[in-house]
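Grab a coffee and open the viewer. Here is a handful of exercises to work through, each with its solution.

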Amino acid sequence: MPIYESESLIKLHIVLEIGTAYTRLGFSGEFAPRFIIKSEIRCKTTNKMRKLSDYKDQNDLYDMLVEFIQLIYFKYALISPKDKPIVLVESILCPTLFRSTLAKVLFSHYEVSAIWYLPSHLVSLAPLEVDTALVLDVGYSEAVAVPICHGYPVLHAWEALPIGSQHVQKKIMELLSSDNLGVQNLNEDVLEDIKDRCCFVTKIDRAENFSSAKPTITPCPEVTYPLGGNKMLKVSGKLRETAFEVLYNEDVDGRCLTTMILDALLKVNVDLRLKLAGNILLTGGTIMTPGFKARLKAELHKQLELPKYKHLKTENFVFKFHNPPCKDNYTAWLGGAIYSCTELFASKALTRDQYLKEERVPDWSNMRDNVRSTA
Ligand SMILES: Nc1ncnc2c1ncn2[C@@H]1O[C@H](COP(=O)(O)OP(=O)(O)OP(=O)(O)O)[C@@H](O)[C@H]1O
Ligand SMILES: [Mg+2]
């Protein structure tokens, strides 16, 4: 039996990935999302934009999601949700409250026929056609590393840290207000634009020099950023080079992006370490910053010399990064679009009838859904 469904069915599946900052949406079987929009709605009382992640309680989240899904279907996808299936690509660490409220909105309010939940780290591998790799997603609010071995996420080895673009933007705000007198509380969009247009990840030796008591190197040239009207903002060379250091600075427990990868390698079976180190997949928008991958590799080699990680270094041990056939910020979405046109949809999706029996969504973290099948 062919694994791909007929074309008329393929077109009906919406594939949706809701991130903290951006939502990617498109149709199954396509090569790229049709739209990448901000995960936010306009608040009716204040008329200001509100992020979905800023919800106060379940009712507040429900109202926000009703409005957001309405935008998705009637402003962007331009199809009716009623009796249509949907594919949701989600992080394995997605809060239960968010999952259950989204399911309630989709099944009870919009009456979709079925939802297929796909774990983002696992499906990110679909465009690469490999089944064993270490996937590190660095997004807006957090970085999550999950080793995938022979098509299964190794859940006891996941690593997560609350570092991402949000923290780089906070650092930029700090540095800007010390360089430019009177500049305070810049809009998030402006900070994001400064981060994406002016900043980059510098080389490891330059970063070490900058952090020393007496730096001996000259920073890259400064730029002026127009703030609207005749207001100009000075973005110093040092800020441009050092804003991303927050991702590599160790926290109080000595953890950073690099230790996440190395700790995940330590937690998996010895036989798999070599293969995982040679198959690292980096995803998420933050990865797209110039210099990010080269710096991460240099940091990995540096950390590997520490006594804690030294024994990882066996014969033929080498770090290799995959180059996915798409932009890094939608690798997981593309994986979802590929998975969603396989015949697995029919057996794996949660249908409306199944949901309405108990009004709950099966979850890997719930022991009730993780019992071993006796059949
Ligand atoms: N081309 C680019 N170059 C540099 N940075 C980029 C680029 N495109 C997107 N980004 C940055 O990526 C960040 C968003 O990443 P992503 O879309 O992976 O986050 P998310 O999935 O919404 O968040 P999370 O995974 O934490 O829920 C934004 O801060 C944005 O500035
Ligand atoms: Mg994400």
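The exercises below go from the domain layout to single residues, and the model is a predicted one.

**Exercise 1. Domains**

Work out which stretches of chain make up each domain, and how many Å separate the centres of domain 1 and domain 3.

*Solution.*
- Start with domain 1, which takes in 7–120 + 328–369.
- Domain 2 is put together from 126–163 + 250–310.
- Domain 3 is residues 165–247.
- Now take the centres over C-alpha atoms: those of domain 1 and domain 3 lie 35 Å apart.

**Exercise 2. Asp 83 and its surroundings**

Find where Asp 83 sits, which residues it touches away from its own stretch of sequence, and which salt-bridge network it joins.

*Solution.*
- Locate it: Asp 83 is in the loop that runs between α2 (58–77) and β6 (85–90).
- Check the accessibility: with a relative accessible area of 45%, Asp 83 is partly exposed, because buried would need under 20% and exposed over 50%.
- List the contacts, leaving out residues up to four places away in sequence: you get Glu 111, Val 112, Ser 113 and Arg 352.
- Pick out Arg 352. It is 269 residues from Asp 83 in sequence, yet the two C-alpha atoms are 9.0 Å apart.
- Look at the side chains: those of Asp 83 and Arg 352 make a polar contact at 3.3 Å.
- Widen the view: Asp 83 and Arg 352 belong to a salt-bridge network together with Lys 82 and Glu 111.

**Exercise 3. Salt bridges**

Give the number of salt bridges in the model, then say for three of the pairs whether each partner is buried or partly exposed.

*Solution.*
- The count is 25 salt bridges, taking a Lys or Arg side-chain nitrogen within 4 Å of an Asp or Glu carboxyl oxygen.
- Pair one is Arg 24 with Glu 17, whose closest N and O atoms are 2.9 Å apart. Arg 24 is buried at 10% relative accessibility, and Glu 17 is buried at 11%.
- Pair two is Lys 51 with Glu 188, at 3.9 Å between the closest N and O atoms. Lys 51 lies in strand β5 (residues 49–51) and Glu 188 in helix α6 (residues 188–198), so the pair ties together parts 137 residues apart in sequence. Lys 51 is buried at 16%, while Glu 188 is partly exposed at 35%.
- Pair three is Glu 305 with Lys 313, at 2.8 Å from N to O. Here Glu 305 is partly exposed at 41%, and Lys 313 is partly exposed at 44%.

**Exercise 4. Helices α2 and α6**

For each helix, name the buried residues and the side chain found at its start.

*Solution.*
- Begin with α6. Its buried residues are Leu 191, Glu 192, Ile 194, Lys 195 and Cys 198.
- Follow what they pack against: β2 (22–27), β3 (35–38), α5 (165–179), β12 (223–226), β13 (232–235) and α8 (237–242).
- At the start of α6, look for Asn 187: one of its side-chain oxygens comes within 2.7 Å of the backbone nitrogen of Asp 189.
- Move to α2. Among its buried residues are Leu 61, Met 64, Phe 68, Ile 72 and Tyr 76.
- The N-terminal cap of α2 is Asp 57, with a side-chain oxygen 3.3 Å from the backbone nitrogen of Asn 59.
- Just past α2, check Leu 78: its phi is positive, about 55 degrees.

**Exercise 5. Ligand 1**

How many residues surround ligand 1, and which atoms of Ala 21, Ser 165 and Lys 195 lie by its oxygen atoms?

*Solution.*
- The ligand is surrounded by 19 residues, with Thr 20, Ala 21, Tyr 22, Lys 195 and Gly 285 the closest.
- Ala 21 uses its backbone: an N or O atom is 2.8 Å from a ligand oxygen.
- Ser 165 has a polar side-chain atom 3.1 Å from an oxygen of the ligand.
- Lys 195 also places a polar side-chain atom by a ligand oxygen, at 2.8 Å. You met Lys 195 above as one of the buried residues of α6.

**Exercise 6. Cysteines**

Count the disulfides, and find the nearest cysteine sulfur to that of Cys 220.

*Solution.*
- The disulfide count is zero.
- Cys 220 is in no disulfide, and its nearest cysteine sulfur, from Cys 199, is 8.7 Å away.
- For burial, Cys 220 is buried at 16% relative accessible area, and Cys 149 is buried at 8%.

Definitions and conventions
Residues are numbered from 1 along each chain as its sequence is written. Chains are lettered from A and ligands numbered from 1 in the order in which they are written. This is a predicted model: local features need pLDDT of at least 70, side-chain atom pairs count only at pLDDT 80 or more; totals for chains, interfaces and linings use all residues. Side-chain values use heavy atoms; hydrogens and water are left out. Helices (H or I, at least four residues) and strands (E, at least two) are DSSP runs, numbered from the N terminus. Buried means under 20% relative accessible area, exposed over 50%, partly exposed in between (1.4 Å probe, protein chains only). Contact means heavy atoms within 4.5 Å. A polar contact is a pair of N or O atoms within 3.5 Å; within protein, one must be able to donate a hydrogen and the other to accept it, and residues adjacent in sequence count only if both atoms are side-chain atoms. Domain bounds come from an automatic or database domain assignment. A disulfide is a pair of cysteine sulfur atoms within 2.5 Å. A residue is near a molecule or strand if one of its heavy atoms lies within 4 Å of it.
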